[in-house]
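Work through the exercises below with the sequence and the model open side by side. Each task is followed by a solution in steps.

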Amino acid sequence: MRMRFRSLESRIVTLFLVLIVAVQVIGLMVIQRGIDSNARLAISGELNNGTKVFRRLLDQNAQNLRFGARLLARDTAFLAAIGNNDEGDRATIESALANSGRRIKASLTMLIGADRKISVSTNTSQAAGLENMAVSMLDAAEAADGANGIAIIERRPYQIVVMPVKAPVTIGWIVMTFPIDRQLANEMREVSSLHTTVLTRDQHGKWMSAGSTYVGTSAQSVVEQLQALPAAPTGPFDIEVETGRYSARLMSIGDDNGQTASVLLARSIDEATAEYARLERWLIFLTVGGIAISALAIIFTAKRIAQPISELADTARRLERGDYKGQIDTSREDEIGALAHAFDSMREGIAKREQEIRRLAYWDTLTNLPNRAQFLLLLNDAMEDARKREEAVFVLMMDLDRFKHVNDVMGHNFGDALLRQVAGRLQLLLANRRQSSAQVARLGGDEFAVLLPASDVDAARRMAAEILQALETPLSLEDQMVDIGAGLGIAGYPVHGSDGEALLSMAEVAMYAAKQRNDGAVVYDAAMDKSSEKSLSLLTELRNAIERNEFRLHVQPKIMLDTGKVVGMESLVRWAHPVRGNVFPDEFIPFAEQTGFIRVLTRWVMERSAELCQELAARGHHLKVSVNLSTRDLLDQDLPAKFGDLLERHKLSPGSFCLEITESAIMDDPVRAQATLERLSAMGVDLSIDDFGTGYSSLAYLKRLPVNELKIDKSFVLNMEHDVGDTKIVRSTIDLGHNMGLRVVAEGIESEAVWRLLADLGCDQGQGYFMSRPIPGDQLIGWLEKWQAPITVSDGMVGIT
């Protein structure tokens, strides 16, 4: 037995069993000691959350009262009845007050006249008790378009809401109350599982229950224990209800003329610790089970560790067969570990030398991909297998766009790094697709190829589309963003050729056709036309347009709808082509975005906009200029730095600009877009969501964006005057924007009626042909001097002149 204990296996088993048992027992003891403190902390957290939930219930009730009062205050018939000041209209007022109060379950509804006296009430006795408090809230209600508070009548608490009645000046106030009683306590109980008691305390310190989830003597017991305390507790305290212990918290919800209204929230300590007791039993069970399972695992592991000699023998036999992939455990510190380490070093040395020989012959040293020779061998092997199985093999060949230009401008080191990143993307794509038989290679220069064994033309097209999509995302190298693309050709066996070299040549022909057509991926066709250079020509023309100053800056004013004041302008670009004449953005902006030229265009627009903004400021016109950003711009992590340099050069504040982005541009890459927007927002520039309502973005995501403005798409604004549905959408968008604290701007205003309708809905700003079409930037100052708003502002109301 002694010799057995000295064996390696027995020592491992004994040591690990002792350690596991000790750790489990100590952990169980620590958990037992922490159960009571954790239960108390959990109860305290529930009570804290309960106070927030109850206040939220009060806020919801107050909102309901204010909403009901606001509807009544804006009712035309009700306003007319008050305005007539005729005794015959008293019945109409009383009926409106009663009906409105009944709808929202208010216990009292009354009207206070302009003389600040109660003129009509649905409950005379309550009205008398509320009069002083209601009158004290009139000024606050008028200033904030409504006020609410807590009133105590006959030692019972009520929520009170005061809402001014304006036509347009204040002609009275509507007052509504809602009892805070057992019904609200029961709602709180259903929401939070906390016992809830509504209490009031008079000037003499006597407590009284106004409603409780406890019943009978239990509710009275709570009041008596609270009365026995020397002072109102400010933190958690314990109470006894029947045979149970409760942890309670008292929260004040209001006071009225020396009386206070409070809510007592209580959580059963026994119920809270019951969960922990069950957890303790489970922990004991798991501890015992864990020790048993660990003992079995330790015994099994010890046997495996103590018998490595046979594994080393197996490793030697694998090395003899040329298999270098087997792993050898070299973690041991004894003689067997040294032997295992020597075996592993030998395996690695032989494998590295053989791999280096093979790499030099068949692998590309820059990207570590198969070279042309290796790819041709793989292709021929795949074609031979395809012949036997009567399957098809397809080859995809691609050539990067504008790589020579990148190499010439940025240098060969930069170009090499670019090729390595492209190779990495292609490998990652195949790995994610789990294409174990597919193979990517670098044929030379900026040419890559993908081998697809056991495939068909549809699968080859799908793979080509995924490759092109993967290459669309700009690459970030040495603080530079590089847009790349590729022309991609497809050829297959046996449909196109039966020889590896021939198949590669056909794929290359299709590739050049794709580049000339700017068509992404093209399948080989013997009659293929390789003469189209339209896309290359358009890109050349765009670059020449920048150098020849053919672009023109146009602006469209942005106007406050309630005052008619011009507060901003949106910058737009036009192309004065020497042959085609004026080219509108729709004809070249999509192509600019596709090729990455949009970034050059955006910088041009920002530069000209900054110059115009500086010129306007010198003439006394301080307007905020809006500039559109594309998806490519948002993906440029250097955009904030470039924008900061622009502001510094033109001595402009960040607040002079509002950068507009569309929903679709944000959602293309939300993480990178949000990072760029947050950096821009931190600089102080305003951000706007353009064409809001036409995308598919998540509101839960949009609310996290640091934006300042929503622009309602013109498709909803154009037909507002005749389409009720569009009006509802616009109203909802305005309310949404204001609720999120955003400025709301409407595009596409083409009539005075639409202006007036948007102003009535509370829209902040607008732009459209009714005010001005886009005009050349150098004509804006003249337009500003002639501009006359078709509205007047009087007593806070907007009217059309």
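**Exercise 1.** In which helix is leucine 19 found? Classify its exposure and name the surface patch it belongs to.

*Solution.* The model is predicted: local features need pLDDT of at least 70, side-chain atom pairs count only at pLDDT 80 or more, and totals for chains, interfaces and linings use all residues. Residues are numbered from 1 along each chain as its sequence is written, and side-chain values use heavy atoms, with hydrogens and water left out.

Step 1. Leucine 19 is in helix H2, residues 8-73. Helices (H or I, at least four residues) and strands (E, at least two) are DSSP runs, numbered from the N terminus.

Step 2. The relative accessible area of leucine 19 is 46%. Buried means under 20%, exposed over 50% and partly exposed in between, with a 1.4 Å probe and protein chains only. Leucine 19 is therefore partly exposed.

Step 3. Leu15, Phe16 and Leu19 form a nonpolar surface patch, together offering about 290 Å² of accessible area. Such a patch joins nonpolar side chains (Val, Leu, Ile, Met, Phe, Trp, Tyr) within 5 Å, from residues with over 30% relative accessible area and no salt bridge; a salt bridge is a side-chain nitrogen of Lys or Arg within 4 Å of a carboxyl oxygen of Asp or Glu. Areas come from the Shrake-Rupley method with a 1.4 Å probe; for residues, only the protein chains shown count as cover.

**Exercise 2.** Is threonine 733 buried or exposed, and what does its side chain reach?

*Solution.* Step 1. Threonine 733 lies in helix H26, residues 724-739.

Step 2. Its relative accessible area is 9%, so threonine 733 is buried.

Step 3. The threonine 733 side chain reaches the backbone oxygen of isoleucine 729 at 2.8 Å.

Step 4. Setting aside residues up to four places away in sequence, threonine 733 touches Phe692, Leu710 and Ile712. Contact means heavy atoms within 4.5 Å.

**Exercise 3.** Which helix gives the most to the largest nonpolar core?

*Solution.* Step 1. The largest nonpolar core has 75 residues; Phe551, Phe643 and Leu758 are among those with the most contacts inside it. Helix H19 (residues 598-618) gives the most to this core, with nine residues. A nonpolar core is a set of buried Ala, Val, Leu, Ile, Met, Phe, Trp, Tyr and Cys residues joined through side-chain atoms within 4.5 Å.

Step 2. Beyond neighbours within four places in sequence, leucine 758 contacts Leu561, Val717, Met720, Val730, Ala746, Ile749 and Cys763.

Technical notes:
A polar contact is a pair of N or O atoms within 3.5 Å; within protein, one must be able to donate a hydrogen and the other to accept it, and residues adjacent in sequence count only if both atoms are side-chain atoms. Patches are made of residues with over 30% relative accessible area and no salt bridge: like charges are joined within 9 Å, nonpolar side chains (Val, Leu, Ile, Met, Phe, Trp, Tyr) within 5 Å.
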